[in-house]
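Let's take a walk through this one together, starting from a single spot and working outwards. Keep the sequence and the model side by side as we go.

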Amino acid sequence: AFTILKKSQDEKWVYIQIAYDNYLGWIDFKQYKVITKDYFDLVTSTEFPLCGVLTGTVSSRKTSIPILFGSSLPFYKDETIVLENDVFD
């Protein structure tokens, strides 16, 4: 989870601050999912298991999301994770 601080002029990059450790950096605008403030507060105040494989993918009916080693797996249970209203497996 992170906060968007600014966008590049061409809107292809987003400058973010990671909630976990306040790390700053740029990500591609296609690499995030907008969440509500309530869900942000919930995921930043709860500990979740971390991805233990180098790379992987989780999928829903709508999309697939690549995940990397160390990624948080919100509400992980029975090999699924929940990102607000989307369930990924």
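S8 is a good place to begin: at a relative accessible area of 15%, S8 falls under the 20% cut-off and so counts as buried. Keep in mind that we're looking at a predicted model here. S8 isn't part of a strand run; you'll find S8 in the loop between strand 1 (2-7) and strand 2. What does S8 touch once its neighbours within four places in sequence are left aside? The partners are two tryptophans, W13 and W26. The side chain of S8 also has a polar atom 3.2 Å from the backbone nitrogen of K12.

Stay in that loop for a moment, since E11 sits there as well, between strand 1 and strand 2. Is E11 buried or exposed? With a relative accessibility of 52%, E11 clears the 50% mark and therefore counts as exposed. So one loop holds both the buried S8 and the exposed E11. The backbone of E11 deserves a look too: phi is positive, at about 60°, although E11 is not a glycine. As a rule, most residues other than glycine have a negative phi.

Now step into strand 2, which covers residues 13-18. Y15 is found in this strand, and its relative accessible area of 22% makes it partly exposed, because that value lies between the 20% and 50% limits. Leaving aside anything within four places in sequence, Y15 has quite a list of contacts: T3, I4, L5 and K6 on one stretch of the sequence, and L24, G25 and W26 on another. W26 is a name you've met already, as a contact of S8. For a sense of distance across the model, try Y15 and T63: they are 48 residues apart along the chain, and their C-alpha atoms are separated by 23 Å.

Further along strand 2 comes Q17. Q17 is partly exposed as well, at 27% relative accessible area. Which residues does Q17 touch, not counting those up to four places away in sequence? They are F2, T3, L5, N22, Y23 and L24. Among these, N22 also makes a polar contact with Q17, side chain to side chain, at 3.5 Å. T3, L5 and L24 turn up in the list for Q17 and in the list for Y15. Q17 and A1, for their part, lie 16 residues apart in sequence, with 8.7 Å between their C-alpha atoms.

Next, jump to the C-terminal part of the chain. Strand 6 (81-83) and strand 7 (86-88) are joined by a loop that contains E84. Here's another positive phi in a residue other than glycine: E84 has a value near 55°. N85 lies in that loop between strand 6 and strand 7 too, and its 73% relative accessibility is over 50%, so N85 counts as exposed. N85 and I35 are 50 residues apart in sequence, yet their C-alpha atoms are 9.4 Å apart in space.

One step on is D86, in strand 7. Is D86 buried or exposed? D86 is buried, with a relative accessible area of 14%. Not counting residues up to four places away, D86 touches K33, K62 and I81. With K33 there is a polar contact of 3.1 Å between the two side chains. To link this end of the tour to where we started, look for W13, a contact of S8: D86 and W13 are 73 residues apart in sequence and 24 Å apart in space, C-alpha to C-alpha.

Time to zoom out. The protein chain has one helix and seven strands, and from the N terminus on they run β-β-β-α-β-β-β-β. The radius of gyration is 13 Å, close to the 12 Å that the globule rule gives for 89 residues, so the chain is as compact as a globular protein of that length. Along the principal axes, the C-alpha atoms fill a box of roughly 40 × 25 × 25 Å. Buried residues make up 24% of the 89, and S8 and D86 are among those that count as buried.

As for contacts between residues at least 6 apart in sequence, 29% join residues at least 24 apart. The chain exposes about 6,900 Å², with 54% of that supplied by carbon and sulfur atoms. Finally, the charges: there are 9 positive and 12 negative side chains, and the centres of the two sets lie 7 Å apart.

Definitions and conventions: Residues are numbered from 1 along each chain as its sequence is written. This is a predicted model: local features need pLDDT of at least 70, side-chain atom pairs count only at pLDDT 80 or more; totals for chains, interfaces and linings use all residues. Side-chain values use heavy atoms; hydrogens and water are left out. Helices (H or I, at least four residues) and strands (E, at least two) are DSSP runs, numbered from the N terminus. The radius of gyration is taken over C-alpha atoms; the globule rule is 2.2 Å times the number of residues to the power 0.38. Buried means under 20% relative accessible area, exposed over 50%, partly exposed in between (1.4 Å probe, protein chains only). Contact means heavy atoms within 4.5 Å. Accessible areas come from the Shrake-Rupley method with a 1.4 Å probe; for residues, only the protein chains shown count as cover. Lys and Arg count as positive and Asp and Glu as negative; His and the chain ends are not counted. The place of a charge is taken as NZ of Lys, CZ of Arg, CG of Asp or CD of Glu. A polar contact is a pair of N or O atoms within 3.5 Å; within protein, one must be able to donate a hydrogen and the other to accept it, and residues adjacent in sequence count only if both atoms are side-chain atoms.
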